[in-house]
Amino acid sequence: ATAGEARAASAATLNPAKTQSLKSGWGAAIRARVERRKRYPASARGASGSAVLRITVGRDGSLHGVSVGRSSGNRALDQAAVQAVRAARRFPAAPKGLRDASYTFSLPVQFNG
């Protein structure tokens, strides 16, 4: 009976809806950490825009990569968004239940000049 319960618990962890929920919550924590490190660049001179970054984070919270998925239209804002991710360096570890080695997120970063 215990083995059956363990299999059922494991199957529940791999449920796509549960996995997405865990990933969404983790993504929100990652976004909050990036937002705290975001700085408006002086060279943007009043420009506004939203860059969408593609970031890959290891299950342990390590940053594996960051790139601009969609430009804000302003190079200085794009660079500031990437710099905010790099300044964060480390993120919270993935919640239990997320088992892949790394996860990729699309992260919009908004700047208002």
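Of the 113 residues in this protein, 36% count as buried, where buried means under 20% relative accessible area, exposed means over 50%, and partly exposed is what lies in between (1.4 Å probe, protein chains only). You're looking at a predicted model, in which local features need pLDDT of at least 70 and side-chain atom pairs count only at pLDDT 80 or more, while totals for chains, interfaces and linings use all residues. Numbering starts from 1 along each chain as its sequence is written, and side-chain values use heavy atoms, with hydrogens and water left out.

**Stop one: the whole chain**

Switch to cartoon view. There are 3 helices and 3 strands, and from the N terminus they run α-α-β-β-α-β. These are DSSP runs numbered from the N terminus, with helices being H or I of at least four residues and strands being E of at least two. Take contacts (heavy atoms within 4.5 Å) between residues at least 6 apart in sequence: 76% of them join residues at least 24 apart.

**Stop two: the sheet**

Next, color the strands. The 3 of them make an open, antiparallel sheet in the order S2-S1-S3; two strands pair if DSSP finds at least two bridges between them. Select 63-70 and 102-111 to see the edge strands, S2 and S3, each of which pairs on one side only. From one strand to the next, the twist averages 25 degrees.

Now add 49-58, which is strand S1; 10 bridges join S1 to S3, and the two run antiparallel. For one rung of that pairing, pick Ser50, whose bridge partner in S3 is Gln110. Then show 16-37: that's helix H2, which packs on the sheet and touches S1 and S3, its direction making about 45 degrees with that of S3. Axes here are lines fitted to C-alpha atoms, for helices over the stretch in contact, and angles run from 0 to 180 degrees between N-to-C directions.

**Stop three: Phe111**

Stay on strand S3 and select Phe111. Buried or exposed? Phe111 is buried, at 2% relative accessibility. Leaving out residues up to four places away in sequence, Phe111 touches a list of residues including Lys38, Arg39, Pro41, Leu77 and Ala80. Tyr40 is on that list too; the C-alpha atoms of Phe111 and Tyr40 are 6.8 Å apart, though 71 residues separate them along the chain.

**Stop four: the salt bridges**

The count is 2 salt bridges, each being a side-chain nitrogen of Lys or Arg within 4 Å of a carboxyl oxygen of Asp or Glu. Start with Glu35 and Lys38, whose closest N and O atoms are 3.0 Å apart. Glu35 is partly exposed, at 28% relative accessibility.

Then jump to Asp60 and Arg90, with 3.8 Å between the closest N and O atoms. This pair links distant parts of the chain, 30 residues apart: Asp60 is in the loop between S1 and S2, and Arg90 is in the loop between helix H3 (75-88) and S3. Asp60 is partly exposed at 44%, and Arg90 is partly exposed at 43%.

**Last stop: Asp78**

Finish in helix H3 with Asp78. What is the nearest side chain of opposite charge? It's Arg75, 7.7 Å away, and Asp78 is buried yet has no salt bridge. (Lys and Arg count as positive, Asp and Glu as negative; His and the chain ends aren't counted.)

Show the side chain of Ser71 as well: the Asp78 side chain makes a polar contact with it at 2.5 Å. A polar contact is a pair of N or O atoms within 3.5 Å; within protein, one must be able to donate a hydrogen and the other to accept it, and residues adjacent in sequence count only if both atoms are side-chain atoms. Beyond its neighbours within four places in sequence, Asp78 is in contact with Ala51, Val68, Ser71, Ser72 and Gly73.
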